[in-house]
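Reader: I've got a model open and some labels I'd like to pick apart. Can you walk me through them?

Author: Sure, here it is.

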Amino acid sequence: MRPTSTPCRVSASLLMFHGSRLGVMKLEHKVAIVTGASSGIGRATALLFAREGAKAVVTARRRAELDDLVDQIEQAGGTAVAVDGDVRDEGLAKTLVDTAVDRFGGLDIAFNNAGVVGEQMPTHELSLTDWHNILDVNLTAAFLGVKYQVPAMLSRGAGSILITSSFVGYTVGMPGMAAYAAAKAGTIGLTKALAAEHGAAAIRVNAILPGGTDTPASITNAPDATPETLAFVEGMHAVKRLATPEEIAQSALYLASDASSFVTGTALLVDGGVSINRT
Ligand code: NAP
């Protein structure tokens, strides 16, 4: 009698092979906006979202960097469109959502990530202009973004909104960073209010709080940074190193995808233990 078990085992393993190659894209059929996509965390997240099947609308001010990102996504078989502009401009917030709807049929995910640290100085020396600028980019831009993202998601029947906050202003007070801290703490209040407003409509809203991350924005990459600066910042973290942008992107993927379907209104620390470290 011929054995019957071997062909079955072969089929099962073939199925698993094809399943792992083809069936596990976490954002298949999703449309995502990513702000601050020309660099750092936003760029890494746009690449990851596209690799996981999302069609991406990517934005920042630097056009050449966005075009390069779109090329990279398309060469890998993904889909993306670039819209350059300033996140302080309400018109850009509308254009991004219109682009997602017109080009890709709707909006499922919005990663409101653009940010700027600003010059560090004692708070009493900070000009009102600089204060407003830092709040505008880090906090008001997220408000402008969700103002247009929420209606599109209400039409879609669901959505996931992410806002990049920081441990600065939430778990750690840092000298010379008052405006940035106030803005990033503000994003957490905004996140919680939105999550409460729209949970019943299946729109989840969460904040990501990266620890020190190796991007151009990190003080460890400032022109005047020294090896001692890097050692100090790394030492603040329990893990004694900075994050890569890709590590933060993985958390954005978790919050954007259905893997976090019961998670809303959170301030997710992805901070290498900078918030709990005392050594
Ligand atoms: P980054 O590499 O400097 O990226 C910042 C992004 O924001 C760039 O794409 C920049 O693009 C965009 N941006 C800045 N101002 C803008 C404006 N007015 N209009 C439009 N886009 C603007 O820094 P990153 O570290 O990836 O920062 C991403 C987010 O993470 C920020 O919200 C930051 O505060 C937060 N974060 C960073 C760290 C860290 O250690 N790196 C830690 C905690 C939180 P253009 O210059 O092309 O406009």
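Author: One term before we start: helices and strands here are DSSP runs, numbered from the N terminus, a helix having at least four residues and a strand at least two. With that, tyrosine 170 can be placed in the loop between β5 (159-164) and α6. Keep in mind that this is a predicted model.

Reader: Why is tyrosine 170 called partly exposed?

Author: Its relative accessible area is 40%. Buried means under 20% and exposed means over 50%, so tyrosine 170, at 40%, counts as partly exposed. As for its surroundings, the C-alpha atoms of tyrosine 170 and lysine 184 are 7.6 Å apart, with the two positions 14 residues apart in sequence numbering.

Reader: Fine. What makes histidine 237 buried?

Author: Histidine 237 has a relative accessible area of 2%. The cut-off for buried is under 20%, so histidine 237 is buried. You'll find it in the loop between α7 and α8.

Reader: And which backbone oxygen lies 2.8 Å from a polar atom of the histidine 237 side chain?

Author: That of valine 233. A polar contact is a pair of N or O atoms within 3.5 Å, with a donor and an acceptor when both belong to protein.

Reader: Why is aspartate 108 called buried?

Author: Its relative accessible area is 12%, and buried means under 20%, so the label holds for aspartate 108. Aspartate 108 sits in the loop between α4 (90-104) and β4 (109-112). The C-alpha of methionine 153 is 6.3 Å from that of aspartate 108, although the two are 45 residues apart along the chain.

Reader: How do you know that serine 218 is buried?

Author: By the cut-off again: serine 218 has 10% relative accessibility, and therefore counts as buried. Serine 218 belongs to the loop between β6 and α7. Its C-alpha is 9.7 Å from the C-alpha of leucine 230, 12 residues away in sequence.

Reader: Serine 261, then: why is that one exposed?

Author: Serine 261 has a relative accessible area of 51%. Exposed means over 50%, so serine 261 gets that label. The residue is in the loop between α8 and β7 (267-270). Between the C-alpha atoms of serine 261 and arginine 204 there are 8.0 Å, with the pair 57 residues apart along the chain.

Reader: What makes the phi of alanine 202 worth a look?

Author: Phi of alanine 202 is near 65°, a positive value in a residue other than glycine. Most residues other than glycine have a negative phi. Alanine 202 lies in the loop between α6 and β6 (203-210). Its relative accessible area of 38% makes it partly exposed, because that value is neither under 20% nor over 50%.

Reader: Which other residue has a positive phi, near 60°?

Author: Lysine 240, which isn't glycine either. Lysine 240 is in the loop between α7 (227-236) and α8 (245-256). With a relative accessible area of 39%, lysine 240 is partly exposed, because 39% falls between the two cut-offs.

Reader: On to the ligand. What makes the pair with serine 38 a polar contact?

Author: A ligand oxygen is 2.7 Å from an N or O atom in the serine 38 side chain. The limit is 3.5 Å, so this pair counts. The side chain of threonine 215 also offers an N or O atom, 2.6 Å from a ligand oxygen.

Reader: How much of the ligand's area does the protein bury?

Author: The protein buries 93% of the 880 Å² that the ligand exposes when taken alone.

Reader: Where does the ligand sit, and which elements give two or more residues to the shell around it?

Author: The ligand's space is the largest pocket. The elements are α2 (40-51), α5 (128-156) and α6 (178-198).

Reader: How do the shell residues divide?

Author: Into 10 nonpolar, 15 polar and 5 charged. Of the 30 residues around the ligand, those that come nearest are Ser38, Ser39, Arg61, Tyr180 and Thr215.

Note on methods: Residues numbered from 1 in each chain as written. Predicted model: local features only at pLDDT ≥ 70, side-chain atom pairs only at ≥ 80, totals over all residues. Heavy atoms only, no water. Near = heavy atom within 4 Å. Areas by Shrake-Rupley, 256 points an atom, 1.4 Å probe, with all protein chains shown as cover. 1 Å grid on protein atoms, 1.4 Å probe; cavity = no way out; pocket = protein on both sides within 12 Å on 5 of 7 lines; lining within 4 Å. Sits in = over half its atoms within 2 Å of the grid points. Nonpolar A, V, L, I, M, F, W, Y, C, P; charged D, E, K, R; others polar. Buried < 20%, exposed > 50% of the residue type's maximum accessible area, 1.4 Å probe, protein only.
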